[in-house]
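Reader: Hi! Could you give me a close look at one part of this model, and then carry on from there to the rest?

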Amino acid sequence: MNDYKTNSSRKKAAPNKGLAVKQLIRSDQAIYWYLGLYFLINLLFLTAFPYVHSDESWLSGLSRHLAVTGDIGVTEPFFNVYQRYPHAIRLLFHLLQAGFMQLFGYHIFTFRLISLLFSVATLFFFYKLSRLFCRAAGTALLATLLLSLDIQYLYAAHLARQEIIIVFILILALYVLISRIDRHHLTDDLWLGIIVGLGIGVHPNILIVAVTIGLGYLYYLRQKKIHLRNLALLVLVIGLFAVLFIGLSVIMDPDYLAHYAQQGQNFGVGDGLPGKWQGLLIFYQHLFNQFSIEYYMPDIRYQLSCFALVLSLSLVLLVKQRSAPRYQQLKLPLLLVFGVNLGIFLIGRYNVTSAVFIFPLMYLLSVLLLESVFPEQMPVEPMLNIHQLPEKKRKKKPLPGLLILITAVLTLTGLHPPANPYSTYLAQIQTAIPGQPRILGNLNAEYAFADGQLLDYRNLQYLDDRGITFADYVAAEQIEYIIYYDELAFINANHPRYDVMYGDLTPIFAEMTTFLAEHCEEITVFTNSSYGTNLAPLIDAKPWQIHIFRVTAGP
């Protein structure tokens with residue numbers, strides 16, 4: 001009798017537990033639990049994935065120099081022959097990094113922590129944004145889970161660059177705009193202008209956000225939910241912030257506008273519309289084929305293929321079923337996706353790290369399409385006494401779980417931490433080079449040294465044009481140690497294929513190797529397949545050797 005009661009209790013307990021889980025998923029509480037877990041898990045491999053890129057030490061190195069000198073008008077201390085000009089367009093980002101450095105020290109973990117925190121905040125507001133579109137909290141949670149588990153998003157969430165902050169600003173601005181559209185006021189335009197305007201101090205890619213928000217305003221203007229004065233105030237506030245940051249830049253560098261235009265030309269920003277269109281097509285082609293010499297590229301062919309299908313189906317449904325109410329919710333997200341791509345196109349700077357900008361809105365559009373086409377497969381709001389329904393009438397909904405499983409498996413199989421930890425690489429260098437001598441080496445080792453101690457290889461490409469020999473450069477800069485990477489010989493032998501990394505070093509390479517042989521002493525050599533090269537496709541492809549030389553005498 002007691003065994004019968006126990007078995008009966010267990011049978012009743014199992015459905016109750018399942019119901020409790022479903023109710024949690026369908027409530028807003030689930031997002032807080034998930035984001036807390038997400039943050040803690042990502043802390044475990046924050047510095048392991050992806051490999052530490054020289055852009056990260058480039059940005060944090062300038063932030064440290066700014067903090068050490070107390071001067072916001074400084075340029076990178078590791079560039080001297082490579083001419084750099086001060087500006088304020090990234091000032092807020094560098095001040096943020098400098099603040100975190102004061103709290104947590106000068107380590108790659110410190111600066112990646114900033115990105116992780118912004119990624120968590122982005123997911124929170126993305127969930128809130130999704131709730132404005134989705135019929136059920138479960139569907140909004142599904143969109144958030146898919147985004148958070150995506151390898152491209154994880155990449156941006158860990159990399160100590162500005163992309164994830166721009167994504168945060170995009171999602172926050174969209175949430176502020178859409179959540180208050182039925183009670184929109186001029187103060188909302190003011191806040192949106194401030195949010196986007198502050199982004200100018202983070203990165204020029206804030207133009208992507210401005211264009212997307214602008215299209216959102218035009219959408220609501222057409223629906224007569226806002227007025228032209230709202231758009232005018234938004235443009236005015238953003239314009240004032242632009243004047244502020246440009247003004248600060250001109251104070252730092254009176255020729256700022258000419259220098260910034262010249263820098264943009266080097267990256268194709270000044271190309272005409274046909275050139276930018278061709279660049280956009282090549283950009284997506286490179287994303288699909290995982291082609292990048294400078295940056296790690298995750299395999300996102302599955303996501304890009306699904307996104308293309310979602311876009312196509314959404315357009316077809318809106319054209320053929322324009323009067324069907326259930327497809328109307330696709331209009332605005334589709335327009336916003338177009339806005340992000342238009343912003344990328346207008347900038348014309350097709351860096352592969354910009355791929356993350358399309359992911360949040362594409363995941364939102366994807367779940368909305370599924371909710372419209374397969375409503376029976378998507379989560380619904382909890383029904384009254386749903387646990388009392390006969391079990392046969394409770395429909396199984398495998399699609400959300402399948403999507404999460406596919407995304408998680410693709411990410412887990414795509415996570416490839418470097419074979420050699422970054423901390424080991426730094427330790428090998430620090431052991432060989434005592435004190436704080438002047439060093440010529442690779443920027444990816446910047447975290448091993450004090451401020452102003454390292455000079456980067458990118459300076460060498462300009463020596464020949466300025467009539468400076470390698471020996472004269474070493475003497476003038478009082479360089480005592482040279483870290484020579486075998487990748488330099490590989491790049492020189494394959495000129496000009498990899499010149500995008502350090503520039504054309506062929507005019508100076510022979511001088512450099514001769515100087516190392518005749519005027520330096522090799523004090524150590526070690527192998528590091530992960531950080532012995534910055535060429536992304538060749539990382540962990542072979543055992544790259546790193547030689548450390550001490551300069552013994554001048555020529």
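Author: Proline 496 sits in the loop that runs between α20 (487–493) and α21 (499–502); helices here are DSSP runs of H or I with at least four residues, strands are runs of E with at least two, and both are numbered from the N terminus. Please keep in mind that this is a predicted model, where local features need pLDDT of at least 70, side-chain atom pairs count only at pLDDT 80 or more, and totals for chains, interfaces and linings use all residues. Residues are numbered from 1 along each chain as its sequence is written, and side-chain values use heavy atoms, with hydrogens and water left out.

The bond to look at in that loop joins histidine 495 to proline 496: the peptide is cis, with omega about 5 degrees. A cis peptide bond also links phenylalanine 49 to proline 50, with omega about -15 degrees. Proline 50 is in the loop between α2 (29–44) and α3 (54–69). Another backbone detail is at lysine 224, a residue other than glycine whose phi is positive, near 60 degrees. Lysine 224 belongs to the loop between α10 and α11 (228–252). For context, most peptide bonds are trans, and most residues other than glycine have a negative phi.

Now to the sheet. It is open, with five strands in the order β2-β1-β3-β5-β4 and mixed pairing; two strands pair if DSSP finds at least two bridges between them. β2 (454–456) and β4 are the edge strands, each with a single partner strand, so one side of each has no neighbour in the sheet. From one strand to the next, the twist averages 20 degrees.

Looking at β5 (residues 545–551), you will find β3 (residues 479–485) paired with β5 in the antiparallel sense over five bridges. One of the links to follow is isoleucine 482, whose bridge partner in β5 is phenylalanine 549. β4 (residues 520–527) also runs antiparallel to β5, and seven bridges join them. Here cysteine 520 has valine 551 of β5 as its bridge partner.

Two helices lie across β3, β4 and β5. Helix α22 (residues 506–519) does so at about 120 degrees to β3, and helix α18 (residues 422–432) runs at about 155 degrees to β4. Such angles run from 0 to 180 degrees between N-to-C directions, and axes are lines fitted to C-alpha atoms, for helices over the stretch in contact.

Helix packing elsewhere brings us back to α10 (residues 206–222). The axes of α10 and α15 (residues 331–347) come within 8 Å and cross at roughly 145 degrees. This crossing is right-handed, a term used if the near helix is turned clockwise from the far one by less than a right angle, while anticlockwise counts as left-handed. Among the residues in the contact (heavy atoms within 4.5 Å) are Leu207, Val211 and Tyr219 of α10 and Leu335, Phe338 and Ile344 of α15. The contact of α10 with α15 divides into 15 nonpolar residues, four polar and one charged; Ala, Val, Leu, Ile, Met, Phe, Trp, Tyr, Cys and Pro count as nonpolar, Asp, Glu, Lys and Arg as charged, and the others, Gly among them, as polar.

Helix α5 (residues 108–133) has two packings to show. With α16 (residues 359–373), the axes of α5 come within 11 Å and cross at roughly 30 degrees. Phe126, Leu129, Ser130 and Phe133 of α5 make this contact with Pro360, Tyr363, Leu364, Leu368 and Glu371 of α16. Those residues divide into seven nonpolar, one polar and one charged.

With α7 (residues 151–158), α5 packs at about 130 degrees, the axes being 6 Å apart. The two are therefore oblique to each other, given that angles under 35 degrees count as roughly parallel, over 145 as roughly antiparallel, 65 to 115 as roughly perpendicular and the rest as oblique. In α5, Arg112, Ser115, Leu116, Ser119, Thr122 and Leu123 meet Tyr153, Ala156, Ala157 and His158 of α7.
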